[in-house]
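Let's take a walk through this two-chain model together. Have the viewer open and follow along as we go from one element to the next.

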Amino acid sequence: MLKFLKSGFYTTLQDFGRFGYRNIGVPVSGVMDELSVKKANILLGNKGEDAVLEITMTGPTLIFELPTYICLSGAQLSPTLNNEPIENYKVIKVEAGDILSYGKLESGFRSYLAVKGGFQGEKQLGSYSQYNPVTVKKCFKDGDEIPYAQIKHYEPVITELKLESHLDRDTIEVFRGPEFSILTDAQLEALFSKDFTISKKNNRMAYQLEGEIDGHSESILTSGTLPGTVQLTSAGKLIILMKDGQTTGGYPRVLQLSEAAISTLAQKRFGDNISFKLS
Amino acid sequence: MKEVPLAIRPFGEKAVLVEWPNKVKETILNDILTFINSFKREHPSIWELIPAYNSVTMVWLPSTKLDFDEAKTQILESYTGKHEPMENERFLWKLPVCYDAEFATDLIETAETLGFSVEELIKQHTAHEYIVFGIGFLPGFMYLGGLPKSLQLPRRKEPRLDVAKGSVGLAGKQTGIYPQDSPGGWNIIGNCPIPIFDASKKNPCFVNAGDKIQFQPISKAEYDLRKIESEIGIYNLEKIPLNA
């Protein structure tokens, strides 16, 4: 077991999502930043989509009860193992009793902890991803435990990745959304020339942006929405749906983020600036 | 229904949006459901299909790149192909609703606004069959059509932060059930003791798009009983096959 001495601000178990239930309104869920998670899982010889802990802004304090190998990725949260600093994107051996904790958030917003073989836990509708009411738990609390397999020896093919990071990127690549054609010249000009600031209203469901563009009076029949769908409200606010986002919506879907841009946005927090680039 | 020209467009890198004419009509819904049936049969388990009113959002599940042109061809072949119409089993579900003041926080006000007595409002609300045009927004939230004009009133000016699970509401052209505790601005006139969404069930949502819903008034005592039954997994729901 991995035990939560402290749970951190918002720590959840996530794989790559819950598929096949969107027709009954169940969001896909899954890790917000797939790019970071794939890298960590690959270093551990896992499947890219094996379940990891998604750690938001303030990290937990965790004690390992079995030996294994771990890899951290995503946001830079000043992690330490038994008070010794450790690095992201490195395979690290841990022993029973080792304590992993986190410090200051240096860059990004969501950090990941992958373990050799993946975490297990409450599997509902084919996925470990925590999303209440599908899973009982919404996120971890102090004292919670999560199972993983004991691994005494693992010889990684590569032990470390040094790759260009998407954490510093602030350009969000988008495609035309289904209702792109309702946009006026003035709205288009504003969308692709202005910077937008991440508002306080940002979470796994959606990111709302500050900095409005002109409003509109178009109404559409409720229709499907996806992670990365950019909705434009009649007041001119932009709302970007994320992994726990609603499966249908009634606001015009003016843009759709590229898959890579969803990972980029997942590392943004309140006050960060982004700009859109049309592909 | 006669075939209509479909609008087929890419929706990001991993999805295709298929649209029927921009109308809320049962014939369009039926055409959509027939299409979904034949497409699923021909292309099993590599697409997730999300119907809502006049559209189907089709999400490509494999990790390989989605080829939009190929998908479009497959969609059109499936739509125009001469398939045996294999109808899904569709049901009329009779859902119990308790209109007791304990849950129905807006019942008296709503009846006044609509110009009915409370009894008349309950009678009207339970007299009609509502068709499920799609399930979305939240797990188990049904988009119901067919609310008569006499029951249409605007949503509340200020949304409530915490509307109880099972709350039955009226808002605009819609009536429906809140499947979970959530914020909401609908006028609450009752509560349904049967959970519309239950993740512990193999089929977490018994209702499907194309089904119909009729509400049945129950007393507070019966509500309490049905609530206890459903908590231990007994639903005893009345359902009538629609295409028998």
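Before we start, one cut-off: a residue counts as buried if 20 or more other C-beta atoms lie within 10 Å of its own, and as exposed if 12 or fewer do. Also keep in mind that this is a predicted model.

With that in hand, go to helix α1 of chain B, residues 26-42. Its buried residues are L29(B), D31(B), I32(B), F35(B), I36(B) and F39(B). Around the axis they take up an arc of only 160°, so they sit on the same side of α1(B). Turn to the face pointing away from that buried side and you'll find the exposed residues T27(B) and R41(B). And what covers the buried residues? The cover of α1(B) includes β3 (47-52), β4 (55-60), α2 (68-80) and β6 (130-135) of chain B. The geometry of the helix checks out too: at 1.5 Å a residue, its 17 residues should span 24 Å, and the end C-alpha atoms are 25 Å apart, which agrees.

One of the residues we just met, L29(B), leads on to F133(B), which touches it. Leaving out residues up to four places away in sequence, F133(B) also touches V24(B), A52(B), Y53(B), Y143(B), G145(B) and A209(B). F133(B) belongs to the largest nonpolar core, a set of 67 residues, and is listed among those with the most contacts inside it, alongside M58(B), V97(B), V132(B), I135(B) and M142(B). Apart from that core lies another one, of 62 residues, including F16(A), L62(A), L113(A) and F196(A). As a general remark, nonpolar side chains in soluble globular proteins tend to be buried together.

V97(B) from that list of core residues takes us to strand β5 of chain B, where its bridge partner in β13(B) is P217(B). Strand β5(B) covers residues 91-98, and six of its eight residues are buried, so the strand is largely enclosed by the rest of the structure. Which way do its pairings run, parallel or antiparallel? There is one of each kind here. With β13 (residues 212-218) of chain B, β5(B) runs parallel, joined by seven bridges. With β14 (residues 238-241) of chain B, the pairing is antiparallel over four bridges; there, L92(B) has I240(B) as its bridge partner.

Now for the place where the chains meet. The contact takes 33 residues from chain B and 25 residues from chain A. On the chain B side, β2 (15-19), β3, β4 and β6 each supply at least two residues. The largest share, five residues, comes from β3(B). By character, the chain B side divides into 20 nonpolar, nine polar and four charged residues.

Crossing over to chain A, start with its open sheet. Six strands line up in the order β7-β6-β9-β4-β1-β11, with antiparallel pairing. The edges are β7 (84-85) and β11, each of which pairs on one side only. Inside the sheet, β1 (residues 2-6) and β4 (residues 61-64) of chain A pair over four bridges, and L2(A) finds its bridge partner in F64(A).

Next is helix α1 of chain A, residues 34-43, which is mostly covered: eight of its ten residues are buried. They are E34(A), L35(A), S36(A), V37(A), K38(A), A40(A), N41(A) and L43(A). Among the elements covering them are β3 (52-56), β5 (68-76), β10 (107-115) and α3 (259-266) of chain A. After the helix comes G45(A), with a positive phi near 75°.

Both L43(A) and G45(A) are in contact with P156(A), as is V91(A), leaving aside neighbours within four places in sequence. You'll find P156(A) in the loop between β11 (145-146) and β12 (171-176) of chain A. With 15 other C-beta atoms within 10 Å, P156(A) is partly exposed. Its C-alpha is 11 Å from that of K93(A), though the two are 63 residues apart in sequence.

Last stop: L209(A), in strand β14 (residues 206-210) of chain A. Why is L209(A) called buried? Because it has 22 other C-beta atoms within 10 Å. L209(A) touches F196(A), T197(A), I198(A), S199(A) and L238(A), not counting residues up to four places away in sequence.

Terms used. Residues are numbered from 1 along each chain as its sequence is written. Chains are lettered from A and ligands numbered from 1 in the order in which they are written. This is a predicted model: local features need pLDDT of at least 70, side-chain atom pairs count only at pLDDT 80 or more; totals for chains, interfaces and linings use all residues. The expected span of a helix is 1.5 Å times one less than its number of residues. The arc is that of the directions from the helix axis to the C-beta atoms. Two residues are in contact if their C-beta atoms, placed from the backbone, lie within 7 Å. Ala, Val, Leu, Ile, Met, Phe, Trp, Tyr, Cys and Pro count as nonpolar, Asp, Glu, Lys and Arg as charged, and the others, Gly among them, as polar. Two strands pair if DSSP finds at least two bridges between them. A nonpolar core is a set of buried Ala, Val, Leu, Ile, Met, Phe, Trp, Tyr and Cys residues joined through C-beta atoms within 7 Å.
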